[in-house]
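Open the model in your viewer and show it as a cartoon. The tour begins at one helix and then steps back to the whole chain.

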Amino acid sequence: MTRSALSRRMNPIFSFPLFALLAAFMQINAAYAESKPNVVVIYADDLGYGDLACFGHPTIKTPHLDQMAEEGMKFTQFYSAAPVCTPSRAALLTGRYPIRSGMCSDKRRVLFPDSGGGIPASEVTLAEAMKSAGYRTACVGKWHLGHLPQFLPTSNGFDSYFGIPYSNDMDRVADRKMGRKIFLDPKVKYWNVPLMRDTDIVEQPADQTTITKRYTEEAIKFIKQDQKQPFFLYLAHNMPHVPLFRSTDFADKSLRGLYGDVIEEIDWSVGQVLQTLRNEGLDQNTIVWFSSDNGPWLIFDAQGGSAGLLRDGKGSTWEGGMREPTLAWWPGHIPAGTVSQEQGSTMDIFTTSIKLAGGTVPTDRVVDGVDLTPVLTQSGPGPRDEMVYYRGTKLMAIRKGPWKAHFITKPAYGREPFKEHDPPVLYHLEHDPSEKYDVAKDHPEVIKQLKAAAEKHRKTVKPVPSQLEIPLTQK
């Protein structure tokens, strides 16, 4: 090294540009990270519209969810894209009606342990899109989009997985003669549901009495990991899908009984996640969603929840089957204590999250989710004005603005046949959210508009094979 070069190296005047450049780079990097919020989606299973205190339940205590609503936004007109588990979860993670991905069926409403299908590799999941945008990703909880290796979370954009691959009432081993009694006094040994870490079974049967607690611990561990990258966490609780289980800390605590105990433990879990974000200094840069896959399973009586003033529940395309209690929390961005009456859907979480992440929403296919950022920030009107209600592959109803037309109706469960309506039955949901008063005869022009909207939607749907009808033995 020459004397002049050594002199320049020792002289801080010559070193300053390097330090300045490094500092500027660090500032740019920090600003870039700050512009990419973390995303957490907390998803309940079979939670009713009326099951939270902040949505009107008189005896279930949900202080953490209530606080989440007070600090964020409560949606009063937010929908799942299907009234049962598998198709609704497919819609959340693809931003598309399940009719487009083949994740629905008129023969089998959900995937089972003897199913050979699952989420198609051609679908772009929210985890894949977020990963492409530089996010680390984790799935904790119930999956129900296929239990074979190629369908599991780690094959569909998630860096890690800890949870059960399908519903907690599957893999039943209890004597069939016991019938529904196993739900009245549920015991872990009645089901052989596997608990998985990534692609390995680590416990079978899963101890469901501690599973909400363990999911929460896993979620917190993920949040606290290396925070150089933004993250996407999908925390999908098993509960309150029957069989109902809760830990000893919540046993016999709720005035609502076992069902209330379960909801209050989920509320505790939400509180733990939000407090971790606060403790880690991540609350201002993390958006948290809370919602459910479908409405309450009313056929289980006191073991099921409540849709509040809405009609029917899980399995149906009445409002109680698909309108969900939904909250969004993002301190400093979502005005605190906001109640939004704008329409929204779990499919919109897909598009909104990708947009906020600076990622790319697929353009080579129809994406039904819209960007709700204007609603969240109160900077503009909601972009969603329409919702289509499917049962399997059947288009049962459509909502446009405040109006909802049912072309076909059928009870959630039972052998009663499908009933077609011509003209369709019509409800003004803002006047009549309980769908009690058919006003079709008074509004023929609205019927005409809704029929046209349904036909326009149908033209965008291309038939694809049903994944739910593929048997496990098929190669």
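Select helix α3, residues 63-71. This is a predicted model. Show the side chains and look for the buried ones: L65, D66, M68 and A69. Now view α3 down its axis. These residues sit on the same side of the helix, because they cover an arc of only 155° around the axis.

What do the buried residues of α3 pack against? Add β2 (73-79) to the selection, then α8 (258-279). Strands β8 (286-292) and β9 (326-329) complete the set of packing partners.

Next, select the protein chain and colour by secondary structure. There are 12 helices and 14 strands to find. Turn the C-alpha trace along its principal axes: the spans are about 95 × 55 × 50 Å. The radius of gyration is 24 Å; a compact globule with 475 residues would come near 23 Å, so the two agree.

Colour by burial. Of the 475 residues, 57% are buried, that is, under 20% relative accessible area. Then display the contacts with a separation of 6 or more. Residues 24 or more positions apart account for 69% of them.

Switch on the surface. The accessible area comes to about 20,200 Å². Carbon and sulfur atoms hold 55% of that surface.

Last stop: the charges. Select the 55 positive and the 54 negative ones. How far apart are their mean positions? The two mean positions lie 4 Å apart.

Key: Residues numbered from 1 in each chain as written. Predicted model: local features only at pLDDT ≥ 70, side-chain atom pairs only at ≥ 80, totals over all residues. Heavy atoms only, no water. Helix = DSSP H or I, 4+ residues; strand = E, 2+ residues; numbered from the N terminus. Rg over C-alpha atoms; globule rule 2.2 N^0.38 Å. Buried < 20%, exposed > 50% of the residue type's maximum accessible area, 1.4 Å probe, protein only. Contact = heavy atoms within 4.5 Å. Areas by Shrake-Rupley, 256 points an atom, 1.4 Å probe, with all protein chains shown as cover. Lys, Arg positive; Asp, Glu negative; His and termini not counted. Charge placed at Lys NZ, Arg CZ, Asp CG, Glu CD. Arc of directions from axis to C-beta.
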